[in-house]
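Visitor: I'd like to go through this one with you and ask how each label is earned. Could you show me the structure?

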Amino acid sequence: MKRTLQNVENGLMVRACAAGVALASLAGGVQAQTITELYHEGDVISMPDSSVVGAATAFNGVSVNDGGSHMVEIDTDGATTSDVVVARNFVVIAREGDPVAARAGVTATSFDSVHLNTSGNVAWNRTLAGTGSTSTDSALMFGQTLVLQESFVSLSPGFGNPTPYIGFFEVLTDDSNDFLVMASVDDPNIASTVDRAVVLFDYDPNQNTFVENVLIKEGDTPAGLAGPITDFGTTFESMSRSSSGNHLMLTLEVSGGTGDAVWLDGSLVAREGDQSPISGRNYRILNDVPIDVNNNGEYVIRAMLDGDTASDTVILKNGTTVIAQEGGSVPGVPGFSFTGFGSGGVFIGDDGNVIWFGDWDDPDTTRDRGIFRNDELVLQEGVTDVNGNTVVEILGVSDGYDASPSGRYVIVKVRYAASADGVVLIDFGATTCVADVDDGSGTGTPDGGVTIDDLLYYLAIFNAGSVDADVDNGTGTGTTDGGVTIDDLLYYLARFNAGC
């Protein structure tokens, strides 16, 4: 029997069955995790007016914010012109075939990647039908509101005049409802007919007005590069903006023989051909690689190195700390080595923890993949059970999983037996701030803020060799090891400087 999934506010049931799984030794005092099933293939998806769209057949983009609110793009077996919907907290907020206000006969069809901000809002690129022209058949929308249609001539002085928008890639919405767009334009000052640019839209949702800010574009030469940018990474994973909007990270294609690069807040952090943190290994591929930056300016990259192809993929935190490397041992699964890390993203929370996908060389291919948090395996194929269903596959591909900015929540697309797909939510529980260790009383009582009192107290207990000063095991991930060394001091200072 197919089940009906609707919003509790409509007087109907929401299914959310949790399976608790213990998780030890995580950074930031994290509590035991829970895994909750949000959606299961076959769930009947209904509109807020209770009209049925159809039964879920597949799940596409997923997103989760710091409040645990989730957004999922769902494909159903309904009418093909209106069978795809996007649901926020089980309520459908957009549907393929939605009419576009003030555009007679125009409908919004397919969805690009979804990115939910802290208020539950989303700006996205949607394809349009009924415009009568392929040069006007896509648009930037804020929720259901049309903001900007393809062919719009930019008003920004950062472009030559006239510069029309001719296409859109990824859209990232921050907590101020501003949104960052990887756009294609035709700037007369750039020789090519298709030019790429990263544009921040300072958006007022009440008036549906915006100011364009061209942050960086094709032809620019950032510091550290001898040649100009020829293109950007255009996948969802190859650009990142912190939820506060204070930090921006991009992958760049560069001409002039300087190698493609990763760029953070105006500075070069990695470049092809340069030495990586792995001795004797240089960066080989950096364009379009997965990246992420948190609100503290910490970042994570999954890069490819030169040399041995059995160990050439590596996940790096802040350009120095190796989280995992192809060919390396698998935490929690002794005797096996990593063979890859999928094609999905890597994420770093404000708590400093890194979320990633790994694949290893267990001959039993029914249990050889998982989702990790730092060096902890938190969801494993063939092992993890959710609501009585064993996860037989984790969809570690683009849009396959997402993490909230704080790092508390992770949303993952999975597959159960008989090829039934589902979406699950991992909750690591409320975190404590590593740097908040004293309220000024000298008693080691946290008070919800980070001040000089915290630093002075930590230095005192570190010098005394107190077990309470044990905050890291040398990996930079905040994992305790029962001893107090310089690694603990360095980790604490990093968290203090980051404000948590």
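Guide: Sure. One definition up front: a polar contact is a pair of N or O atoms within 3.5 Å. Keep in mind that this is a predicted model.

Visitor: What makes the pair Asn65 and Ser69 a polar contact?

Guide: The backbone nitrogen of Ser69 lies 3.0 Å from a polar atom of the Asn65 side chain, and the limit is 3.5 Å, so the pair counts. The Asn65 side chain also has a polar atom 3.0 Å from the backbone nitrogen of Gly67.

Visitor: Where does Asn65 sit, and is Asn65 buried or exposed?

Guide: Asn65 is in the loop between strand E5 (52-64) and strand E6 (70-76). Its relative accessibility is 2%, and buried means under 20%, so Asn65 is called buried. Leaving aside neighbours within four places in sequence, Asn65 is in contact with residues including Leu116, Asn117, Ser404 and Tyr409.

Visitor: Over to charges. How do you know that Arg126 and Asp98 form a salt bridge?

Guide: Their closest N and O atoms are 3.7 Å apart. The cut-off is 4 Å between a side-chain nitrogen of Lys or Arg and a carboxyl oxygen of Asp or Glu, so this pair passes. Arg126 lies in strand E11 (residues 123-129) and Asp98 in strand E9 (residues 98-99), so the salt bridge ties together parts that are 28 residues apart in sequence.

Visitor: Why are Arg126 and Asp98 called buried?

Guide: Arg126 has 0% relative accessibility and Asp98 has a relative accessible area of 12%. The line is drawn at under 20%, so both residues are buried.

Visitor: What about Arg373 and Asp351?

Guide: Their side chains meet at 2.9 Å, N to O, and that is within 4 Å, so the name salt bridge fits. This pair links distant parts of the chain, 22 residues apart: Arg373 is in strand E31 (residues 369-373), and Asp351 is in the loop between strand E29 (347-348) and strand E30 (354-360). Both Arg373 and Asp351 are buried.

Visitor: Why is Glu393 called partly exposed?

Guide: Partly exposed runs between the buried limit of 20% and the exposed limit of 50%; Glu393 is at 25%, so that is its class. Arg415, with a relative accessible area of 24%, is partly exposed too. The two side chains form a salt bridge at 3.2 Å, N to O. What makes it a network is shared partners: salt bridges join Glu393, Arg415 and Asp421. Across the whole structure, a search finds 12 salt bridges.

Visitor: How do you know that E12 and E13 pair?

Guide: Four bridges join strand E12 (residues 138-142) to E13. Pairing takes at least two, so these strands qualify. They run antiparallel, and Met141 has Leu146 in E13 as its bridge partner.

Visitor: What makes E9 and E13 edge strands?

Guide: Each pairs on one side only. They belong to an open sheet of five strands in the order E9-E10-E11-E12-E13, with antiparallel pairing.

Visitor: Last stop, the second largest pocket. How much space lies in it, and which helix gives the most to its lining?

Guide: The second largest pocket holds about 210 Å³. It is lined by 13 residues, and those closest to its centre are Thr321, Gly476, Leu490, Tyr491 and Ala494. Helix H2 (residues 486-498) gives the most to that lining, with five residues.

Conventions: Residues numbered from 1 in each chain as written. Predicted model: local features only at pLDDT ≥ 70, side-chain atom pairs only at ≥ 80, totals over all residues. Heavy atoms only, no water. Buried < 20%, exposed > 50% of the residue type's maximum accessible area, 1.4 Å probe, protein only. Polar contact = N/O pair within 3.5 Å; in protein donor to acceptor, adjacent residues only side chain to side chain. Contact = heavy atoms within 4.5 Å. 1 Å grid on protein atoms, 1.4 Å probe; cavity = no way out; pocket = protein on both sides within 12 Å on 5 of 7 lines; lining within 4 Å. Points joined across faces, edges and corners; volume = space filled by probe spheres on them.
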